[in-house]
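Colleague: I'm new to this one and would like a close look at a single part. Could you walk me through the place where two of the domains meet?

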Amino acid sequence: MRIFSPSNIAVDFGKTLKPNEFIAMLRREVLDSFLRSRAVSAGATHISGLVTSLDLPTSQNSPYTINYTTKTSSRNSLAVDVVIGADGANSRVAKSINAGDYTCAIAFQERIKLSDDKMAYYENLAEMYIGDDVSPDFYAWVFPKCDHVAVGTGTVKSKHDIKLYQRAIRERAMSKINGGKVIKIEAHPIPEHPRPVRVRGRVALVGDAAGYVTKCSGEGIYFAAKSGRMCGNGVVKASEGGMKMINECDLMREYLKEWDAKYVNTFRFLDLLQRVFYGSNASREALVELCGDEYVQRMTFDSYLYKKLARGKVCDDVKLFMGTIGSLIRCNDVGTRMKGLIL
Ligand SMILES: Cc1cc2nc3c(=O)[nH]c(=O)nc-3n(C[C@H](O)[C@H](O)[C@H](O)COP(=O)(O)OP(=O)(O)OC[C@H]3O[C@@H](n4cnc5c(N)ncnc54)[C@H](O)[C@@H]3O)c2cc1C
């Protein structure tokens with residue numbers, strides 16, 4: 001992983017990774033189809049269709065009705081005991097249970113096919129770019145996707161300027177991606193925080209539908225998969241393997257409480273980091289300077305890889321705190337950031 005500051009200072013960020021550790025890059029089109037096939041081979045019935053609405057039960061233990069269309073038929077329905085809504089940021093399941101809204105960022109990316117020599121540079125490298133030019137409050141990226149790269153950026157504050165930021169990231173990476181052919185363009189909302197309601201009755205929301213994307217890193221794939229598994233396991237446990245009807249308290253206890261206990265602090269910490277370091281070019285320069293520090297790299301990757309805030313030694317943490325203040329002062333930003341934090 002290489003991170004570029006607004007003034008294009010580059011720092012390699014991954015020096016402390018052990019031989020068995022890596023930052024995974026994946027193509028959703030491949031992963032999703034693998035997961036679908038695995039579910040089917042484990043006994044699930046796969047129905048390819050578009051859910052149009054969810055009818056709520058008329059009495060305590062009566063079923064939910066999922067209405068959906070398929071390629072061949074416009075009116076189909078399915079009666080179910082429990083619904084796990086994993087239908088993304090525009091979740092119809094969330095709307096059906098009045099789960100409330102969240103603020104969204106927008107992420108935009110172009111999949112670009114490079115010539116073989118240019119692709120060789122990205123074979124084992126992901127790049128992050130920060131600066132007002134590429135995003136006022138997030139980062140831009142060039143991520144390898146096996147035989148092509150994804151070049152993109154995101155923002156909450158200034159969504160209508162997303163195409164300007166996209167042009168800027170292409171310019172920043174120009175020498176490495178020029179001559180490439182755009183093969184796909186993707187743009188999608190990214191939730192900024194969890195929905196006000198994530199469980200209602202026998203319906204639970206997971207992944208983007210629930211609002212599980214971390215600030216700062218914009219990571220949502222791991223948390224979507226993890227919340228889906230945690231919720232599924234919770235349903236199996238509470239229903240005693242499908243022998244007993246479950247209720248809202250079961251979903252709260254087996255899924256939501258467990259989720260919050262495990263991840264709320266990670267989400268809060270990354271929110272704080274985004275507010276401290278992504279607010280101005282001066283603080284972004286400080287961030288890149290700090291990323292050069294081995295202790296920062298170790299703590300970051302221990303937390304990122306194992307999804308648990310890593311615990312350091314007190315004396316190292318004090319040194320890191322002083323180093324952070326030092327970097328912010330050197331980069332001329334301590335007054336603004338501290339004021340932002342206190343406010
Ligand atoms: C451009 C971009 C880049 C990103 N980069 C990263 C990254 O590098 N790392 C990372 O961790 N995260 C990244 N994210 C965030 C990540 O993609 C999401 O957090 C993650 O995909 C959430 O997974 P999900 O399964 O909850 O939702 P989704 O991936 O949105 O999947 C929802 C699924 O539900 C289906 N669906 C929706 N509505 C219906 C309906 N009515 N009926 C039937 N099916 C329906 C959709 O077709 C889709 O298959 C990125 C997001 C974007 C937009």
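Modeller: Sure, let's take domain 2 and domain 3, which bury about 620 Å² between them, with 51% of that on carbon and sulfur atoms. Keep in mind that this is a predicted model. To find your way along the protein chain, use the domain assignment: domain 1 covers 47-102 + 193-269, domain 2 covers 103-191, and domain 3 covers 270-342. Nine residues from domain 2 and six residues from domain 3 make up the contact.

Now look at the domain 2 side. Ile130, Asp132 and Asp137 are the ones that lose the most area to domain 3, and together they account for 59% of what that side buries. Asp132 is worth a second look, since it also forms a salt bridge with Arg284, where the closest N and O atoms are 3.0 Å apart. If you go hunting for others like it, the rule finds one salt bridge across the interface of domain 2 and domain 3. As for what sort of residues domain 2 brings to domain 3, sorting that side by class gives five nonpolar, two polar and two charged residues. Polar contacts turn up here too: the count between domain 2 and domain 3 is five residue pairs, both residues being at pLDDT 80 or more.

While you have the model open, swing over to the ligand as well. There are 22 residues around the ligand, and Arg28, Val51, Asp208, Gly220 and Ile221 come nearest. Start with Arg28: an N or O atom in its side chain is 2.4 Å from an oxygen atom of the ligand. With Ile221, it's the backbone that you want, as one of its N or O atoms there lies 3.0 Å from a ligand oxygen atom. Gly218 also uses a backbone N or O atom, this one 3.4 Å from a nitrogen atom of the ligand. Taken alone, the ligand exposes 1000 Å², and the protein buries 71% of that.

How values were computed
Residues numbered from 1 in each chain as written. Predicted model: local features only at pLDDT ≥ 70, side-chain atom pairs only at ≥ 80, totals over all residues. Heavy atoms only, no water. Domains from an automatic or database assignment. Contact = heavy atoms within 4.5 Å. Buried area = accessible area lost by both parts, 1.4 Å probe. Salt bridge = Lys/Arg side-chain N within 4 Å of Asp/Glu carboxyl O. Polar contact = N/O pair within 3.5 Å; in protein donor to acceptor, adjacent residues only side chain to side chain. Nonpolar A, V, L, I, M, F, W, Y, C, P; charged D, E, K, R; others polar. Near = heavy atom within 4 Å. Areas by Shrake-Rupley, 256 points an atom, 1.4 Å probe, with all protein chains shown as cover.
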